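Biologist: Before I use any of these labels, I want to see the reasoning behind them. Please show me the model first.

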Amino acid sequence: MRNLTLTLCLTLAVLLGSAGVSFALPPCPSDQNQYHDNCFGTHTFASGGKYVGEFRDDKYHGQGTQTLSNGDKYVGEYRDDKYHGQGTYTSANGSKYVGEYSGGKPNGQGTLTFANGQKYVGEHRNGKYHGQGTLTYANGGKRR
C-alpha cells in the first residue's frame, strides 16, 4: 500500500510538472507569408510596428503584444485579429486603458488614465464611457 501511494504521488507530480510544457504552442513559420495556425510567432508590419503572440487560423488569437510604429502598445488577449478579453493599451502620449475589450474596442469595466492625470473608472461601451463610472480630476476632485 505504501509503495502504491508513493508511485501514485510520483506519477501525479510528473504529470503536473510537465503540464506547462505539453500545452506550449509550437513556433510559427519564420516566413510571414506562410499560414500561421495554433502557433506562437512574430509579425512585423511594413510601417515598423510588430505583433508577438499567438496565432490561430492565420489571425492574432490568444495572448499577444502589439507595438505600433507611433509608439502605442497593446498587451493582452486577441480574438480574430482584434483586442478581445483583458488587455492594456498604452498610448505614446502617456494615456492608458486597462480593462475589458470586445471587437477591438474597450467594452466592459476598465480604467482610463489620461496623460494629464485624470482618471475614469467604470463601464465602457464601443470605446466610450457608458453607464456608471467615476471621473477623478488631476487635482483630486471627482465627478460621478
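The questions below take the labels one at a time.

Modeller: This is a predicted model, in which local features need pLDDT of at least 70, side-chain atom pairs count only at pLDDT 80 or more, and totals for chains, interfaces and linings use all residues. Residues are numbered from 1 along each chain as its sequence is written, and side-chain values use heavy atoms, with hydrogens and water left out.

Biologist: What makes up the secondary structure of the chain?

Modeller: The chain has 1 helix and 10 strands. Helices are DSSP runs of H or I with at least four residues, strands are runs of E with at least two, and both are numbered from the N terminus. Along the sequence the order is α-β-β-β-β-β-β-β-β-β-β.

Biologist: Why is the link of Cys28 and Cys39 called a disulfide?

Modeller: The term asks for a pair of cysteine sulfur atoms within 2.5 Å. The sulfur atoms of Cys28 and Cys39 are 2.0 Å apart, so the pair qualifies. The structure holds 1 disulfide. It links distant parts of the chain: Cys28 sits in the loop between helix H1 (2-22) and strand S1 (39-44), and Cys39 in strand S1, 11 residues apart. The link is right-handed, with 95 degrees about the S-S bond.

Biologist: Are Cys28 and Cys39 buried or exposed, and how do you know?

Modeller: Buried means under 20% relative accessible area, exposed means over 50%, and partly exposed lies in between (1.4 Å probe, protein chains only). Cys28 has 12% relative accessibility, so Cys28 counts as buried. Cys39 has 3% and is therefore buried. Of the 144 residues of the chain, 25% count as buried.

Biologist: Which label does Gly99 get, and why?

Modeller: Gly99 lies in strand S6 (residues 96-102). Its relative accessible area is 5%, so Gly99 is buried. The C-alpha atoms of Gly99 and Gln109 are 5.9 Å apart, although the two residues are 10 residues apart along the chain.

Biologist: What makes the contact of Arg125 and Glu123 a salt bridge?

Modeller: The definition needs a side-chain nitrogen of Lys or Arg within 4 Å of a carboxyl oxygen of Asp or Glu. For Arg125 and Glu123 the N to O distance is 3.8 Å, so the pair meets the cut-off. The structure holds 1 salt bridge. Arg125, at 43% relative accessible area, is partly exposed. Glu123, at 25%, also counts as partly exposed.

Biologist: Which residues gather in the patch of positive charge on the surface?

Modeller: Lys59, Lys82, Lys105 and Lys128 do. Patches are made of residues with over 30% relative accessible area and no salt bridge, with like charges joined within 9 Å and nonpolar side chains (Val, Leu, Ile, Met, Phe, Trp, Tyr) within 5 Å. Lys82 has a relative accessible area of 45%, so Lys82 passes the area cut-off for a patch and is called partly exposed. Lys82 is found in strand S5 (residues 82-90). Its C-alpha is 8.1 Å from that of His61, with the two positions 21 residues apart in sequence numbering.

Biologist: What makes the patch of negative charge?

Modeller: Asp37, Asp57, Asp58, Asp80 and Asp81 gather there on the surface. Asp and Glu count as negative and Lys and Arg as positive, while His and the chain ends are not counted. Asp80 lies in the loop between strand S4 (73-79) and S5. At 43% relative accessibility Asp80 counts as partly exposed, and therefore also passes the area cut-off for a patch.

Note on methods:
Accessible areas come from the Shrake-Rupley method with a 1.4 Å probe; for residues, only the protein chains shown count as cover. The place of a charge is taken as NZ of Lys, CZ of Arg, CG of Asp or CD of Glu.
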